[in-house]
Amino acid sequence: MKRFRRHGNELHRERIKQDLFQFNKTVEHGFPHQPSALAYSPSLQLMAIGSRSGAFKIYGAPEVEIMALHDETAAVTQIHFLPEQGQLVTLLDDNSLHLWKLKKSSDGLSMLKRESHFELKGQPGAPPSVTTITVVLPHSSGDVLFLGTEGGCVFVVEQPSFREQEARTITHEAVLQNVPDDYRSRRSLGSVEALQENPRNPQQILVGYSRGLVILWDLQASQATHHFLGDQQLESVAWQRDGRQIISSHSDGSFHQWPVSNDRLPQPLEKTVPYGPYPCKAIPKITWLATKQRTPFIIFKGGMPRASYGDRHCVSVLHGSKQIAFDFTSRVIDFFVVDEGGSESDCDDPSALVVLAEEELVAIDLKTPSWPVIQSPYLIPLHCSAITCSHHVSNIPIKLWERIIAAGSKQMTHYSSKPWPIDGGYSTAPEPLQRDLLLTGHEDGTIRFWDASGVCLKPLYKLSTVNVFVTDADHNDNLNQSAEDEWPPLRKVGCFDPYSDDPRLGIQKIHLCKYSSHLAVAGTAGQVLVMELNDEAVDQTVVCTLVDILQDQDTFKWKGHERLNPHEDLVHFPAGFQPFALVQCQPPAVVTSLALHTEWKLVTFGTSHGFGLYDYQQKRSVMVRCTLHPSDQLALEGPLSRVKSIKKSLRQSFRRIRGTRVSGRKRTVPGNGAAKVQEANARLDREALNEMELAPVQRRIEARSADDSFTGFVRSLYFADSFVRDGSYHEPSLWAGTNGGTVFAYAIHVPPVERRMEEPVTASQAKEIQLMHRAPVIGIFILDGRGVLLPEPLEAAHDLSKSPDMHGNHMLLVISEEQFKMFTLPKISTKTKLKLTAMEGSRVRKVSVANFSSSRAEDYSENGLLVLTNLGDVQVISLPTLRNQVRYECIRKEDVSGIASCVFTKSGQGFYLISPSEFERFSVSPKWVVVPRCIIDIDEGLGTRTSQQKILQDGLITKPNSGETVPSQQKYELSRQASAGSEGDGKKAVEIMEHALLNDERVLLEIQSTLESESASTDRLSFGHLNRNSKNVAGVQSQGQRMINGD
């Protein structure tokens, strides 16, 4: 009977677990890694970006994102929107063409579906270069594609069938019929470099060849009507809107303007070398926009003086006498111009220039006379400086949120006031339930605050710690500084800056208290800054306190970098977080752990040498503990690395076994029996090994030697008000865990508030725990008498959590790499433990406490431990019972840096880097799933700017950047329908961008340099809602098709 009852309880628990836990990979935040292609649809107001991984995304208004991935792993080299059809054509570097179509899913959300693919075949025996596609031109009729090739022919294929029309192929012989003999004899045509349709006559197309010849081809007569005889290698051509002139750019940095008249062999009207007369680099792309004021915009890429500025990545804009070369810090991939003139207008009305560089996307306002940059709502380069650490804070109070936004808005004054120019589609995602912050620390000493509440990771505020210290570089953040008479007229744009003036400035640890608005940051050179939020700018000095971690031990000598010297004079700090206390560790080693307690006004920090406690109210050091072991010489030399000898480890293991067995049995051996001693030891070794055979689901935990390197490395720090010395009196305490499995506990005396400035804070050691297996201590937590984690500082005081139970017995949870162990307080006796049970040798890498809310019962939730292992698995461990609840595969085990970059949230979500510039977001809780849900209505033309405004006026939906609001009931219905549709289709999805990126080992190497401290398918669908569950407990993988998340 008990057996059946137990079985019923297990079934009930499994149902509860299905409501509490569900794994989803939801959205990527940041800038796509290694972009390779750009396209723009003026009618739909959409932009597409392809990458070398074979993935591409469509972007519109904020939160409008749709992703697709080719079956092939080849790079996307070109993307083209087909006119007025909601279709795209992609060209890969394996010479294959793919047709994609925007469609509606069953729940009304937009998706991308691949319709067909095509490979251009040549004649038998012909070299591959003959049919290698160089240019794709979708004709305005929507019926055909013109394909220019390296062989110099232009092929015509129907679409969507991709059937080749051989009779309409433009061949060499037809092109050269009316070319002068002397021009024909001295050069071949070369490859096709440009194809452009006449904007006023769709029956005419320009064909440009690499050797300089440009022809105007009549499609009806199938012959060339004009020959433009260029004498330089051709790079690109463009039409004037009225069809009366063309402009061509060349490899010598020049561009030529040609008339289109009755003359079949026209001469250029003007030849210009904008950055001559010295030799210049090629101009790969040029565009010409005629305005009502009769002063055209000429915009081109490249063309800089070869000798002095050949290494610059520039896009130049010429408008009358005004000329500016926008200078980017990474290679320019492509650009396009947003034109508000409309297709039927006689003149162009350029409003914005959008440039895709290798590391960022920049939009420039062409309406404002100064041509400022437009703030982007998405595709922000997270890696503007390499990311070194991350910190997530959930449920930010509205007052703190508004103050951070206000401080950030003062940093945005150099941006244009114009809205983001690409606003196709609209989002149906519900409003975020709470305000979340993601803080990223960077190599250049900056901390960036991001709004992580929704689909778009929005920049709010940037904090720099550079001005606190004396450095050699000028840290002027003004990107628009250039002399008026400078030539070329360069203007620095974009925020990507891969170079750090001083690697010691790098941020390693961040801790923000959302209740007191205090922030602690720690860096590479042992610097710890405590800051407070101020709405006004101030000039002040920062008090520096030197803390000697080694405590004058003469046997150790630091061989690393020097410490940073703070400014002794007044320093100007703008509104925002301003430092008021500075702690400098000696030796200036990397700060490895950090904790802040704003109620007690204390901050604690740890390095590879020890840890210290600092009172930032009185600005004095409270205590220092050196944890350095005599064998830890490597901790004083350089980069942290654990190198173990297998032979040494085995030898020490056998010695420990032998010593343990002999001492346990209290055996004595007669003096002259050396052989008997050896025989007895051998037998004991065999017995010990037999006893160590564990169950198949458990792995052996190997005890580590105290002689291993970096045993004093401080891995975790924790403040708690608990029972440290006796069970009748609770007091403030500090807990520290080291790499050698040691836990130190210090009792802290904090004076009452009225005497807080007069009496000093004191600390005395109360406990010291040594784990037998000596594994690194990853986390320390204390649970109250109800088994609930103690609240954060000031959390209970703000009535945001229940007051802890201070009557029952508290429990100490120590999490090492190898196991979870619960102790009673204050006696420190083992209550329960959980060994890591992966046969492959899993070790804990990240751990955090999260609250999991039920997706069915609104009032039911459970606390649990979120654990990430070195195998990339995410596990949930129950509290306080320490039972394994669920396990999901999240990150590839080879992606060491992705695992190291992971950060958990308190709601059961997580972020980790899938490339140097992108965070992958995932969720273990079904109630907290942030996914893009968007609609691009092609049939009714709802993707256009005018029709979207009509939708807004009719009250159908609100765009994310609009000031209007949608009725909550209507938005809830949209969200509910989207969720209902995604439960079936969405659970069939698999990993997309992460799979594509992480198959490239270069991506892993790039991330690793920053952070040192799939089933096959016939149809591939892409959805604008949740459908990328790598491991979904309720999902089943479809074999007939593959669903792809529309982010």
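These exercises work through a predicted model.

Local features need pLDDT of at least 70, side-chain atom pairs count only at pLDDT 80 or more, and totals for chains, interfaces and linings use all residues. Residues are numbered from 1 along each chain as its sequence is written, and side-chain values use heavy atoms, with hydrogens and water left out.

**Exercise 1. Describe helix α5 and find which strands its buried residues pack against.**

Step 1. Fix the element. Helices (H or I, at least four residues) and strands (E, at least two) are DSSP runs, numbered from the N terminus. Helix α5 covers residues 398–409, twelve residues.

Step 2. Check the span. The expected span is 1.5 Å times one less than the number of residues. From first C-alpha to last, α5 reaches 16 Å, close to the expected 16 Å.

Step 3. List the buried residues. Buried means under 20% relative accessible area, exposed over 50%, partly exposed in between (1.4 Å probe, protein chains only). In α5 the buried residues are Leu400, Trp401, Ile404, Ala407 and Gly408. They cover an arc of only 130° around the axis, which puts them on the same side of α5. The arc is that of the directions from the helix axis to the C-beta atoms.

Step 4. Name the partners. The buried residues of α5 pack against β31 (437–442), β32 (446–451), β33 (458–464), β37 (527–534) and β41 (576–586).

**Exercise 2. Work out the surroundings of Glu158.**

Step 1. Place the residue. Glu158 sits in strand β12 (residues 154–158). Its relative accessible area is 19%, so Glu158 is buried.

Step 2. Collect contacts (heavy atoms within 4.5 Å). Neighbours within four places in sequence are set aside; Glu158 then contacts Asp143, Val144, Arg163 and Gln165.

Step 3. Look for polar contacts. These are pairs of N or O atoms within 3.5 Å; within protein, one must be able to donate a hydrogen and the other to accept it, and residues adjacent in sequence count only if both atoms are side-chain atoms. The Glu158 side chain makes one with the side chain of Ser161 at 3.5 Å. It makes another with the side chain of Gln165 at 2.9 Å.

**Exercise 3. Analyse the hairpin of β2 and β3.**

Step 1. Test burial. Seven of the seven residues of β2 (residues 35–41) are buried, so β2 is largely enclosed by the rest of the structure.

Step 2. Pair the strands. Two strands pair if DSSP finds at least two bridges between them. β2 and β3 (residues 46–51) pair in the antiparallel sense over six bridges. Ala39 has Ala48 in β3 as its bridge partner.

Step 3. Inspect the turn. Four residues lie between the strands, and Gln45 takes a positive phi near 55°.

**Exercise 4. Search for disulfides.**

Step 1. Apply the cut-off, a pair of cysteine sulfur atoms within 2.5 Å. The whole structure yields zero disulfides.

Step 2. Examine Cys890. Its closest cysteine sulfur, in Cys902, is 6.3 Å away, too far for a bond. Cys890 is buried, at 2% relative accessibility.

**Exercise 5. Locate backbone exceptions, starting with the peptide bond from Trp487 to Pro488.**

Step 1. Recall the background. Most residues other than glycine have a negative phi, and most peptide bonds are trans.

Step 2. Check omega. The bond from Trp487 to Pro488 is cis, with omega near -5°. The bond from Leu879 to Pro880 is also cis, with omega near 0°. Pro880 lies in the loop between β56 (873–878) and β57 (884–889).

Step 3. Check phi. Glu63, not a glycine, has a positive phi of about 75°. Glu63 is in the loop between β4 (55–59) and β5 (65–69), and is buried at 14% relative accessibility. Arg774 has phi near 55°, and is partly exposed at 28%.
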